[in-house]
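Dear colleague,

I am passing on the structure we spoke about, and below it I have set out what I found when going through it. Please read the notes with the coordinates open beside you.

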Amino acid sequence: MMMNLLQFREVSRMKKYCEECGREVDCKIVSKVESYEVCGENIQVNARVLVCVDCGEEFYNETLDNETLLNVYNEYRRRHKLLSPEEIKQIREQYGLSQRSFAKLLNWGDKTVHRYENGAIQDKAHNSLLLFLREPENMKSYLQNNEIMLDDQQIAKIYEAITRMEDNSETKRSENMMKLMFSQEASIENGFRSFDFEKFCAMIMFFANRGNRLLKVKLMKLLNYSDMIYFKENGISISGIKYIHQPYGPVPQNSDVLLGMMQLKKMIHIDVEFNNGYERHLIIPDSDIPKDILNEKELAVLERIYVRFENFGSGQISDHSHKEKGYQETALGEVIDYSYAKDILLS
Ligand SMILES: [Zn+2]
């Protein structure tokens with residue numbers, strides 16, 4: 001606990017009786033190095049002490065003394081890589097437990113957690129157990145392999161917290177992966193917008209909800225035409241995705257990863273049908289078009305593209321995109337950048 005400014009002013013304004021000066025004097029706070037012994041170890045810290053302004057005699061002050069002790073303990077913890085009281089509290093709270101239930105869970109004395117959270121130096125074995133249990137996965141195996149002195153309701157609560165943490169870390173992992181894969185400066189390759197996963201998903205949700213039986217191959221073309229036409233008319237793409245020259249036409253970069261993520265997020269699922277030896281991949285919506293992600297202008301372009309190709313099968317729309325200049329002038333695997341948007345043939 002650092003002293004706040006108010007306490008500081010109060011302390012230094014105090015009058016004290018100084019034995020040396022033999023009268024009431026003004027006080028001030030000075031800083032000096034002090035030595036302490038913790039568990040047989042010498043620890044030096046900068047301590048703030050209250051002194052007589054006239055002769056420098058030291059006065060006892062509880063607030064300052066506590067502050068110094070806390071610094072001493074923290075220095076000891078730092079040296080021995082022990083968790084801080086704050087960290088111990090965080091570990092307990094991430095499982096939604098009170099100090100008492102946490103102690104019970106760990107088979108510790110009633111007051112132990114309370115003492116640690118208030119600054120007492122923890123036993124090293126206790127510290128290791130806390131470090132271990134900080135990971136939700138470890139907490140799970142601890143619950144499974146030990147006799148736990150908690151009631152079922154409390155145990156259920158811990159499991160809930162574990163699930164929540166695991167979901168969060170799953171989301172973080174996929175977000176980090178996205179950043180790695182897609183974070184890029186705005187350039188002609190992405191239509192001067194860095195990749196926007198939300199908009200990309202919203203475009204797909206638009207087409208998946210707009211009509212029935214949306215084929216994956218057709219979706220790729222609808223996305224490409226929408227981004228290109230929007231770029232042609234506004235100088236910026238909608239999704240910021242790069243399109244790659246693939247055998248069946250332009251395809252969003254890493255589209256399978258992105259569709260996989262949308263399935264994890266329960267936005268869509270993909271049905272595979274077999275027909276006369278052909279596989280057909282259908283994009284089935286599992287949620288509505290998200291609100292407030294696409295603006296009116298963007299939605300209007302998607303609608304135009306949808307209507308334009310409404311009666312085209314995948315084959316026809318593929319043939320159509322093969323005739324585009326951007327496709328003809330690039331090779332397999334190359335980016336078809338947005339400079340080709342001006343040449344798009346859309347009657
Ligand atoms: Zn004095």
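Is Cys 21 buried, partly exposed or exposed? With a relative accessible area of 26%, Cys 21 counts as partly exposed, because buried is kept for values under 20%. Cys 52, by contrast, is buried, at a relative accessible area of 1%. Please bear in mind throughout that this is a predicted model.

Both residues belong to the zinc site, where the ion is coordinated by the SG atoms of Cys 18, Cys 21, Cys 52 and Cys 55 at 2.2 to 2.4 Å. The angles among these four donor atoms run from 102 to 117 degrees, and the site is tetrahedral; for reference, the ideal angle for four tetrahedral donors is 109.5 degrees. Along the chain the donors follow the spacing C-x2-C-x30-C-x2-C. Cys 21 sits in the loop between strand 1 (15-18) and strand 2 (23-38), while Cys 52 is in strand 3 (residues 41-52), so the pair ties together parts that are 31 residues apart in sequence.

Turning to the nonpolar cores, the largest has 44 residues, of which Phe 207 and Met 262 touch the most other members. Two or more residues come from each of helix 8 (152-182), helix 9 (197-210), helix 10 (216-234), helix 11 (255-264) and helix 12 (296-308), and helix 9 gives the most, with ten residues. Leaving aside residues up to four places away in sequence, Met 262 touches Phe 197, Cys 201, Ile 204, Met 205, Met 267 and Ile 268. Another core, of 24 residues, lies apart from this one and includes Ile 88, Tyr 95, Tyr 116 and Leu 150.

With best wishes

How values were computed. Residues are numbered from 1 along each chain as its sequence is written. This is a predicted model: local features need pLDDT of at least 70, side-chain atom pairs count only at pLDDT 80 or more; totals for chains, interfaces and linings use all residues. Side-chain values use heavy atoms; hydrogens and water are left out. Donors are N, O and S atoms within 2.8 Å of the metal (3.2 Å for Na, K and Ca); water is not among the atoms, so sites may look incomplete. Four donors count as tetrahedral if all angles lie between 85 and 135 degrees; four count as square planar and six as octahedral if opposite donors are over 155 degrees apart and all others between 65 and 115; anything else is irregular. Helices (H or I, at least four residues) and strands (E, at least two) are DSSP runs, numbered from the N terminus. Buried means under 20% relative accessible area, exposed over 50%, partly exposed in between (1.4 Å probe, protein chains only). A nonpolar core is a set of buried Ala, Val, Leu, Ile, Met, Phe, Trp, Tyr and Cys residues joined through side-chain atoms within 4.5 Å. Contact means heavy atoms within 4.5 Å.
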